[in-house]
Structure formats: structure tokens, C-alpha cells
Amino acid sequence: MLRYIAAPWREPYVRKTEKAEGCIFCLAGKTKGDAGSLVLHRGRRSFVILNRYPYTPGHLMIAPFRHLDDLDQAGTELAGELMALIRLSLRVLKSAYKPQGFNIGMNLGRSAGAGVADHFHIHIVPRWTGDANFMPLVGRTKIMLEDLDTTCRRLRPLFTKSRAAAARKER
């Protein structure tokens with residue numbers, strides 16, 4: 001039997017109808033220098049960025065530089081790079097956090113839960129046994145083990161190191 005748990009504090013977010021100024025992925029993709037942004041790695045066609053509202057520490061997103069709302073619009077090269085960045089992200093997250101598992105997925109369309117429905121992106125969420133608890137339901141509080149700046153400082157050098165190692169392998 002399915003049980004329902006009320007979460008009335010989510011109503012303003014779910015019912016939100018106004019649109020933010022510009023696409024967060026297009027804006028992030030155009031930033032020059034990543035020191036002040038949450039961008040961790042740039043490929044030729046897509047990039048890796050931290051989720052500003054993470055489910056767990058290390059919650060990453062991978063998005064194309066091009067503003068595309070449908071995965072069918074991605075060509076073979078972009079699709080290949082997206083998969084390569086998923087693999088790279090998994091290696092980096094395994095090294096940094098030693099998670100016991102991962103959720104990897106896409107929410108395509110607003111009704112599917114996409115917060116940014118007009119620019120597709122992939123979520124990578126590190127998971128540990130027992131990482132979900134009652135606090136968000138009862139206390140309206142999400143406990144995070146580190147802030148985004150700490151996560152950036154922890155992961156960005158690992159992406160740089162992995163990129164250099166991959167370049168050496170290609171030679």
C-alpha cells in the first residue's frame with residue numbers, strides 16, 4: 001500500500017510560475033573562468049556543474065553548452081561527450097566521497113520534475129546507505145555535510161587532474 005506524506009512547504013516551489021531571468025545553464029556555460037561559478041569541468045560541447053540545491057554533497061549536473069530542450073536534438077558527438085562526462089564524474093566522485101552508489105538521471109519536461117525544462121541536463125547524485133532521514137519531512141530541514149564552496153574546492157582539482165591524465169593517455 002502506498003503511503004502519502006504531506007509536504008506543504010514545497011507548495012510555493014511547485015506552484016512557482018514566474019521564470020528566472022535567462023537560462024541557468026546557458027549563463028553558467030558562458031562564464032569566463034570558473035573560480036566564481038559552480039562549473040567544475042568544461043568539455044567541447046558540454047560541462048559539469050554543481051547543483052546549487054543538492055540532494056547530497058557532490059550532486060552534479062552535466063549540461064550541453066547549446067540550449068536544447070530535447071535529448072533527441074543532441075548529435076552523436078554531444079551524446080558521446082555526455083556519456084564520457086558521466087564516467088569522468090563518477091571517477092571523481094568515487095575518489096572524493098567514496099559513495100556506496102549513485103542515482104543518474106534526467107527529468108525531461110516540467111511534468112517529469114524538470115526545474116529547468118527548456119535546457120536538458122543529467123543529474124549525478126552520490127548515495128550512501130542511510131543518507132535519507134526524517135529531518136526534511138519533520139523538521140523542514142535538510143542536513144548537508146559541506147557547503148558548495150567546500151565541494152567546489154574539493155572536486156575542481158580532481159577534474160583538472162583527471163583531464164590531464166586523460167590527455168596523457170590520448171598521446
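Biologist: What is the strand order in the open sheet of 5 strands?

Modeller: Keep in mind that this is a predicted model. The sheet is open, and its 5 strands pair in the antiparallel sense. Strand 1 (39-42) and strand 4 (101-105) sit at the edges, each pairing on one side only. Reading across the sheet, the order is 1-2-3-5-4.

Biologist: By how many degrees are neighbouring strands of this sheet turned against each other on average?

Modeller: Direction is ignored for this one, and the value is an average over neighbouring strands of the sheet. The turn comes out at 20 degrees.

Biologist: Which residue in strand 2 does H41 stand opposite?

Modeller: Start with the pairing: strand 1 and strand 2 run antiparallel and are joined by 3 bridges. The two also make a hairpin, with 3 residues between them. Across from H41, in strand 2, stands V48.

Biologist: How many of the 5 residues of strand 2 are buried?

Modeller: Strand 2 covers residues 46-50. S46, V48 and L50 point one way, F47 and I49 point the other way, and all are buried. The strand is therefore largely enclosed by the rest of the structure, and the count of buried residues is 5 of the 5.

Biologist: And on to strand 3: which residue there stands opposite L50?

Modeller: Strand 2 and strand 3 run antiparallel, with 5 bridges joining them. L50 is one of the buried residues of strand 2. Its opposite number in strand 3 is L60.

Biologist: Which residue in strand 5 stands opposite M61?

Modeller: Strand 3 (residues 60-64) pairs with strand 5 (residues 122-127) in the antiparallel sense, over 3 bridges. Opposite M61, in strand 5, you'll find H123.

Biologist: Is H123 buried or exposed?

Modeller: H123 lies in strand 5. Its relative accessibility is 15%, and the cut-off for buried is under 20%. So H123 counts as buried.

Biologist: Which side chain is joined to that of H123 by a polar contact of 2.8 Å?

Modeller: Two histidine contacts are worth a look here. One, at 3.3 Å, joins the side chains of H123 and H121. The other, at 2.8 Å, joins the side chain of H123 to that of H59.

Biologist: Where is the space inside: which residues are closest to the centre of the largest cavity?

Modeller: The structure holds 1 cavity of 30 Å³ or more, and about 30 Å³ of space lies in the largest cavity. Its lining has 5 nonpolar, 3 polar and 2 charged residues. Of the 10 lining residues, the closest to the centre are P54, P57, G58, L148 and T151.

Biologist: Is K98 buried or exposed?

Modeller: K98 is found in the loop between helix 3 (76-97) and strand 4. Its phi is near 55 degrees, a positive value in a residue other than glycine. The relative accessible area is 60%, and the cut-off for exposed is over 50%. So K98 is exposed.

Biologist: What separates the C-alpha atoms of A84 and G43?

Modeller: A84 is found in helix 3, and with a relative accessible area of 42% A84 is partly exposed. Along the chain, A84 and G43 are 41 residues apart. In space, their C-alpha atoms are separated by 9.5 Å.

Notes:
Residues are numbered from 1 along each chain as its sequence is written. This is a predicted model: local features need pLDDT of at least 70, side-chain atom pairs count only at pLDDT 80 or more; totals for chains, interfaces and linings use all residues. Side-chain values use heavy atoms; hydrogens and water are left out. Two strands pair if DSSP finds at least two bridges between them. Helices (H or I, at least four residues) and strands (E, at least two) are DSSP runs, numbered from the N terminus. Axes are lines fitted to C-alpha atoms, for helices over the stretch in contact, and angles run from 0 to 180 degrees between N-to-C directions. On a 1 Å grid over the protein atoms alone, a cavity is a set of points where a 1.4 Å probe fits but cannot get out, and a pocket is an open set with protein on both sides within 12 Å along at least five of seven lines; lining residues have an atom within 4 Å of a point. Grid points are joined across faces, edges and corners, and a volume is the space filled by probe spheres set on the points. Ala, Val, Leu, Ile, Met, Phe, Trp, Tyr, Cys and Pro count as nonpolar, Asp, Glu, Lys and Arg as charged, and the others, Gly among them, as polar. Buried means under 20% relative accessible area, exposed over 50%, partly exposed in between (1.4 Å probe, protein chains only). A polar contact is a pair of N or O atoms within 3.5 Å; within protein, one must be able to donate a hydrogen and the other to accept it, and residues adjacent in sequence count only if both atoms are side-chain atoms.
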